[in-house]
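Reader: I am new to this structure and should be grateful for a close look at a single part, the region where two of its domains meet. Please set that region in its context.

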Amino acid sequence: MTTPDPVVPVPDPARLDAVVNLCKRRGFVFPSAEIYGGIRSTYDWGPLGALMLRNVREAWWRSMIQERDDVVQIDAAILTNPKVWEASGHLATFTDPLVDCRSCKERWRADEIGDACPNCGSHDLTEARPFNLMFKTFVGPVEEDAAVAYLRPETAQGMFVNFLSVMQTTRKRPPFGIAQIGRSFRNEITPGNFVFRTREFEQMEMEYFVPPDEGHKWFEYWCNERLGWYRAYGVPDHMLRLRQHRVEELSHYSSGTADVEFLFPWGWGELEGIANRTDYDLNAHSKASGVKLEYFDQVSGEHYVPHAIEPAAGLTRTAMAFLLAAYDEDVVAGEKRTVLRLHPRIAPYQVAVLPLSKKETLTPLAREVLHCLQRRFVCEYDETQAIGRRYRRQDEIGTPYCVTVDFDSLEDRAVTIRERDSTNQVRVPIEDVARQLTERLDA
Ligand code: ATP
């Protein structure tokens, strides 16, 4: 099942710089609180980035929930009972090995560096000590008496602790899944590489509960499904692979794990982990809470604890991968252009409505077209600058279609659709524009 290495990774820092610059210039991602000098490795998603995150979320939701009848969604609390993290093992084992450089005082993850400090080269490093990645906080007005709570480091435990309630209220039976999209927090020792690793990020996770003897079958099924999802949204084969974990890499709860990896500018990196978590979590929560978390199979008359297959993806990291995969430069009519070849459903705007000129005679018709298209698509309206420059601007932010309203439109009630990648243009009656765009977007 493992896809062989399609290419040997070639570090490509120029591509990373180009995408980071574009993100800032066009409003995808800004350094957080920049007017105060920012805060290390923390980012705010701007207008285009927020639209794109919404589209990635929606694409995941469509394939994992809307287009299936065996998966339901929940939205669990970020601050929950700390016993959850005790039972799940996060309090005891969700740690990274931390080392300090005695010379320059930088801190590193011991498993990420050799025996020298990557900053100053010194070998004078402290012994590695376990550092828990969970953010601690206090619930209640007086810090000293208040109860300690943790910001969730993953969304998955919400699915395990709600297993019984969801099964009872939805009358689902294995195999079925509980999915969740939301923020998670990890006090990462070495955040970095833009939004690849941040302390606050968003995840898209699902626990798929199956009869114990079907675990392996469903693990393979979800590996293929998830790899196919990234392909469907435009990640080319040479930038995508599935890497099976070796036995010694497996987490304490897992009987099999594979990572969907993307060829980042610095090499292969994980986008999503797919794990067979067995009955580990349900058993752990049964034991700790005293509530039996099992399924009663009326056909066989047996009680059993389902096994959970978990596809766990990062939303913000995936958005970054989509941007990197889409970034391209080409030449159109003798002029260099930058183009984001984003999948039309992932691009921030699906359509830009561009009146040829700002003249008042054109505005009412252009606005009429805009209002008609806004009911179905996320649109941008732009009437500044020369039309060529506006096309370039839309290319650079990945808008797949521009709809141009010109002076002939006033006579023939037709407009021009321009396609981003080919730059081809076709004339279409206004009454038919929405239908034709829907057809293209659904293709
Ligand atoms: P890594 O090995 O990169 O630290 P992980 O194996 O700890 O990741 P999981 O716990 O499997 O990650 O989380 C599932 C997904 O959540 C990851 O594949 C990744 O896309 C995303 N993710 C995890 N940590 C971060 C982070 N600090 N910043 C952004 N995304 C993250």
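What distance separates the centres of domain 1 and domain 3, taken over C-alpha atoms?

Author: The centres of domain 1 and domain 3, taken over C-alpha atoms, are separated by 37 Å. The model is predicted, so local features are given at pLDDT of at least 70 and side-chain atom pairs at pLDDT 80 or more, whereas totals for chains, interfaces and linings use all residues. Residue numbers start from 1 along each chain as its sequence is written.

The domain assignment (automatic or from a database) gives domain 1 as 13-83 + 133-323, domain 2 as 95-132 and domain 3 as 349-442. The protein has 13 helices and 23 strands; these are DSSP runs numbered from the N terminus, with at least four residues (H or I) for a helix and at least two (E) for a strand. Its C-alpha atoms fill a box of roughly 75 × 65 × 55 Å along the principal axes. Of its 443 residues, 34% count as buried, that is, with 20 or more other C-beta atoms, placed from the backbone, within 10 Å of their own; 12 or fewer make a residue exposed, and values in between make it partly exposed.

The link between domain 1 and domain 3 is a nonpolar core. Such a core is a set of buried Ala, Val, Leu, Ile, Met, Phe, Trp, Tyr and Cys residues joined through C-beta atoms within 7 Å. The largest one has 93 residues, among which Phe 322, Val 351, Val 353 and Val 403 touch the most other members. Its largest share, eight residues, comes from helix α9 (residues 315-326). Because domain 1 and domain 3 both give residues to this core, it lies between them.

Phe 322 deserves particular attention. If neighbours within four places in sequence are left aside, Phe 322 is in contact with Val 56, Tyr 233, Leu 342 and Ile 346, where contact means that the C-beta atoms, placed from the backbone, lie within 7 Å.

The other three residues named for the core lead to an open sheet of five strands. Val 351 and Val 353 fall within β19 (351-355), and Val 403 falls within β21 (residues 401-405). The order of the strands is β20-β19-β21-β22-β23, with mixed pairing; two strands pair if DSSP finds at least two bridges between them. The edges are β20 (379-381) and β23 (425-429), each of which pairs on one side only. On average, neighbouring strands here are turned by 25° against each other, direction ignored. β21 and β22 (residues 414-419) pair in the antiparallel sense over four bridges, and Tyr 401 stands opposite Glu 419 in β22. Helix α10 (residues 363-374) packs on this sheet, touching β19, β20, β21 and β22, and its direction makes about 170° with that of β19. Axes are lines fitted to C-alpha atoms, for helices over the stretch in contact, and angles run from 0 to 180 degrees between N-to-C directions.

Helix α10 also meets helix α13 (residues 430-442): their axes come within 10 Å and cross at roughly 35°. Val 369, Cys 372 and Leu 373 of α10 make this contact with Ile 430, Val 433 and Ala 434 of α13.

On the side of domain 1, seven strands form an open sheet in the order β3-β9-β10-β16-β13-β12-β11, again with mixed pairing. β3 (71-73) and β11 (240-244) are its edge strands, each pairing on one side only. Its neighbouring strands are turned by 25° against each other on average, direction ignored. Within this sheet, β9 (residues 176-185) and β10 (residues 200-210) pair in the antiparallel sense over ten bridges, and the bridge partner of Gly 182 in β10 is Gln 203.

Two helices lie across these strands. Helix α2 (residues 47-66) lies across β3, β9, β10 and β16 (307-314), running at about 160° to β9. Helix α9 lies across β9, β10, β12 (256-264), β13 (267-276) and β16, at about 50° to β16. Thus α9 both lies across strands of the seven-stranded sheet and gives the largest share of the core.
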